[in-house]
Amino acid sequence: MALFKELWNKDKCREPELAAHSFVGTVRKEEVTYKGNYQEPPKEIEIVKFDRSKEFREKLLQNNVIIYDLLSNDFEEVDYVIKTLKTSELDEPKTLVLLSSVMSWVNTPAKFTEDKKENEDEDEAPAEEEEEEEEGDKENEEEEKEGGPVDENGEPIVRAKPLYFKETDYHLRVPHENFQHLKTLETLALSSTITQPLLRVHVLCAGVRYGNGERTFYDHFQKAWI
């Protein structure tokens with residue numbers, strides 16, 4: 001609903017028939033608000049029923065931007081939409097946006113830096129210079145031992161530094177077992193661009209999502225803000 005309010009521009013266009021955004025969507029009437037009732041979408045949104053029909057397929061392909069929330073939509077519908085976009089003969093560019101969750105990454109093994117050994121890529125220093133630097137190196141090692149944690153042999157414990165994941169690491173992701181379907185849909189969508197050059201795909205992974213009026217976690221999230 002927030003996205004509709006943000007993109008609605010018919011009242012701002014000089015030529016609404018040409019430049020105004022149009023909206024088409026499906027609904028799930030089993031979804032209710034925090035008050036326990038079903039909220040009818042705005043009348044400006046054209047509602048269509050999902051089925052594997054020619055009418056639904058044609059209506060889908062009339063849109064330039066298709067957005068699906070993977071956490072609130074049926075797997076069957078999203079799967080069909082992705083495959084339709086992948087196999088259809090498109091005459092203009094289309095953009096598919098999937099709203100997913102970090103739960104499709106949650107079990108991914110962490111990445112760590114690999115510290116290079118000192119002088120690994122450098123030429124060996126002359127023997128005389130090494131003898132002069134030995135005493136200084138020993139003093140530095142002792143200072144490091146005193147300043148950080150050491151093992152039972154008195155040697156400093158070297159802790160590997162974790163690395164941030166990048167967008168190109170998506171093939172490494174390991175989802176939670178209850179969210180395997182998210183990874184399946186993400187992978188299907190991302191791979192569809194290989195055979196469908198006119199399709200652009202964006203997968204957005206939000207963090208912990210909450211809202212809809214409940215207050216159970218409100219105080220805990222507020223503490224994170226400050």
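Biologist: Which residue forms a salt bridge with Glu76, and how far apart are the closest N and O atoms?

Modeller: Before answering, I should say that this is a predicted model. A salt bridge pairs a side-chain nitrogen of Lys or Arg with a carboxyl oxygen of Asp or Glu, the two lying within 4 Å. In this model, Glu76 makes such a pair with Arg52, with 3.6 Å between the closest N and O atoms. Glu76 belongs to helix H4 whereas Arg52 sits in the loop between S2 and H3, so this pair ties together parts that are 24 residues apart in sequence. Glu76 itself is partly exposed, at 46% relative accessibility.

Biologist: How many salt bridges does the structure hold, and where do Lys59 and Glu46 lie?

Modeller: The structure holds seven salt bridges, and the side chains of Lys59 and Glu46 form one of them, with a distance of 3.1 Å from N to O. Lys59 is in helix H3 (residues 54–61) and Glu46 is in strand S2 (residues 45–47), so that distant parts of the chain, 13 residues apart, are linked by the pair. Glu46 has a relative accessible area of 37%, which means that Glu46 is partly exposed.

Biologist: How many residues apart are Glu58 and Lys54, and in which helix do they lie?

Modeller: Both residues are in helix H3, and they are four residues apart, which is about one turn of the helix. Their salt bridge has its closest N and O atoms 4.0 Å apart. Glu58 is partly exposed, at 42% relative accessibility, while Lys54, at 58%, counts as exposed.

Biologist: Let us turn to the whole chain; how many helices and strands are there, and in what pattern do they follow one another?

Modeller: The protein chain has seven helices and seven strands, and along the sequence they are arranged as α-α-β-β-α-β-α-β-β-α-β-α-β-α. Contacts add another view of the chain: among those with a separation of 6 or more, 69% are between residues 24 or more positions apart. Of the 226 residues, 22% are buried.

Biologist: At what angle do helices H4 and H6 pack, and how far apart are their axes?

Modeller: When two helices pack, an angle under 35 degrees between their axes counts as roughly parallel. Here, H4 (residues 75–87) and H6 (residues 180–195) pack at about 10°, and their axes are 9 Å apart. The two helices are therefore roughly parallel to each other. On the H4 side, the residues that meet H6 are Phe75, Val78, Asp79, Ile82, Lys83 and Lys86, and their partners in H6 include Leu185, Leu188 and Ala189. The residues of this contact are six nonpolar, five polar and three charged.

Biologist: Which residues touch the most other members of the largest nonpolar core?

Modeller: The general idea is that in soluble globular proteins nonpolar side chains tend to be buried together. In this model the largest nonpolar core has 19 residues, and those touching the most other members are Ile66, Tyr68, Val78, Val81, Ile82, Leu96 and Leu98. At least two residues each come from H3, strand S3 (65–69), H4, strand S4 (94–101), H6 and strand S7 (199–206), and H4 gives the largest share, with five residues. Leaving aside neighbours within four places in sequence, Leu98 is in contact with residues that include Tyr68, Leu70, Val78, Ile82, Leu185 and Val203.

Biologist: Leu70 appears among those contacts; is Leu70 buried or exposed?

Modeller: A residue counts as buried when its relative accessible area is under 20%. Leu70 has a value of 3% and is therefore buried, and its place is in the loop between S3 and H4. Apart from residues up to four places away in sequence, Leu70 touches Val78, Leu98, Leu99, Ser100, Leu182, Leu185 and Glu186. Leu70 and Glu186 are 116 residues apart in sequence, and their C-alpha atoms are 9.2 Å apart in space.

Biologist: And is Thr84 buried or exposed?

Modeller: Thr84 is in helix H4, and its relative accessibility is 2%, so Thr84 counts as buried. Without neighbours within four places in sequence, the contacts of Thr84 are Arg57, Leu60 and Leu61. Thr84 and Leu60 are 24 residues apart in sequence, with 8.7 Å from C-alpha to C-alpha.

Terms used
Residues numbered from 1 in each chain as written. Predicted model: local features only at pLDDT ≥ 70, side-chain atom pairs only at ≥ 80, totals over all residues. Heavy atoms only, no water. Axes fitted to C-alpha atoms, helices over the stretch in contact; angles between N-to-C directions. Parallel < 35°, antiparallel > 145°, perpendicular 65-115°, else oblique. Contact = heavy atoms within 4.5 Å. Nonpolar A, V, L, I, M, F, W, Y, C, P; charged D, E, K, R; others polar. Buried < 20%, exposed > 50% of the residue type's maximum accessible area, 1.4 Å probe, protein only. Core = buried A, V, L, I, M, F, W, Y, C linked by side-chain atoms within 4.5 Å.
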